[in-house]
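Open the model in a viewer and keep the selection tool at hand. The stops below go from pockets to backbone.

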Amino acid sequence: MSALNEYLAEKGVAHRALKERIQSPDFTPPTLAARVSAEGRSGVRRIRIRDFQVISDAAPDYAGYNLGPTSPELQLGVLGSCVTHITLIQATELGVPLDSLEVEVEGVFDPRGGKPGFEHIPVYPQNLRYTIHIVSPASAEVIANLHAVVERTCPILNLLRHPQEVVSTIDHRQPDAAA
């Protein structure tokens, strides 16, 4: 048994426990939260999620120091991470053995987007595509079914395919009030 299949056995136990918990009438979906701050002198963005921190930066041609991935790059990573995670969950659910799994995500981000003369170019990453690389003794039909279920159930993939309204507010304070 490959190390990945050993992990799938553990994941199956945890996933079954979660499925049982969310059936409870007292279950409340968790609120997700992230906080991002900009560092002085470098402009590096510190992304804080629960007890974790990720640094995002820009390349030198955008006045960055290349200390971390850009936001569009992080978005591709988030998509790849979610597709990978959901593939693992669904492989567990469907009993599909996996010897190895890797997801490769690509897209194009055109910095001219929305600028004068380039209004037709989107201001967001486009032409997103991903490839799931799987090594498995399962049949091509079983893997195709696994892929179809992943496509249907991956939260980030479906968020990107079916965007929702994002509500924004601004909390502006004068320097004296912030001190």
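## Two pockets and two backbone outliers

This is a predicted model.

**Stop 1: the largest pocket.** Select L32, I49, V78, C82 and I156. Of the 39 residues that line the largest pocket, these lie nearest its centre. The volume of this pocket is about 1800 Å³.

Next, colour the elements around it. Those that give two or more residues to the lining are helix 1 (3-22), strand 2, strand 3, helix 2 and helix 4 (155-161). Which element gives the most to this lining? It is helix 2, with 11 residues. Helix 2 runs over 71-94, strand 2 over 45-49 and strand 3 over 52-56.

Now colour the lining of the largest pocket by residue class. There are 26 nonpolar residues, nine polar and four charged.

**Stop 2: the second largest pocket.** Select Y62, T70, P72, E73 and F109. These residues lie nearest the centre of the second largest pocket, which has a lining of 17 residues. The space in this pocket comes to about 310 Å³.

Keep helix 2 in view and add strand 4 (100-108), since each of these two supplies at least two residues of the lining. Helix 2 gives the most here, with four residues. Helix 2 is thus the top contributor to the lining of the largest pocket and to that of the second largest pocket.

By class, the lining of the second largest pocket holds nine nonpolar, five polar and three charged residues.

**Stop 3: R50.** Leave the pockets and select R50, in the loop between strand 2 and strand 3. What is the sign of phi at R50? Phi is positive, at about 50 degrees, although R50 is not a glycine. Most residues other than glycine have a negative phi. Switch on the surface to look at the surroundings: is R50 buried or exposed? R50 is exposed, with a relative accessible area of 72%.

**Stop 4: A63.** Follow the chain to A63, which sits in the loop between strand 3 and helix 2. A63 is not a glycine either, yet its phi is positive, at about 65 degrees. The relative accessible area of A63 is 64%, so this residue counts as exposed, the cut-off being over 50%.

**Last view.** Show R50 and A63 together with the two pockets. Both residues have a positive phi, and both are exposed. Y62, one of the residues nearest the centre of the second largest pocket, can be kept on display beside them.

Methods:
Residues numbered from 1 in each chain as written. Predicted model: local features only at pLDDT ≥ 70, side-chain atom pairs only at ≥ 80, totals over all residues. Heavy atoms only, no water. Buried < 20%, exposed > 50% of the residue type's maximum accessible area, 1.4 Å probe, protein only. 1 Å grid on protein atoms, 1.4 Å probe; cavity = no way out; pocket = protein on both sides within 12 Å on 5 of 7 lines; lining within 4 Å. Points joined across faces, edges and corners; volume = space filled by probe spheres on them. Nonpolar A, V, L, I, M, F, W, Y, C, P; charged D, E, K, R; others polar.
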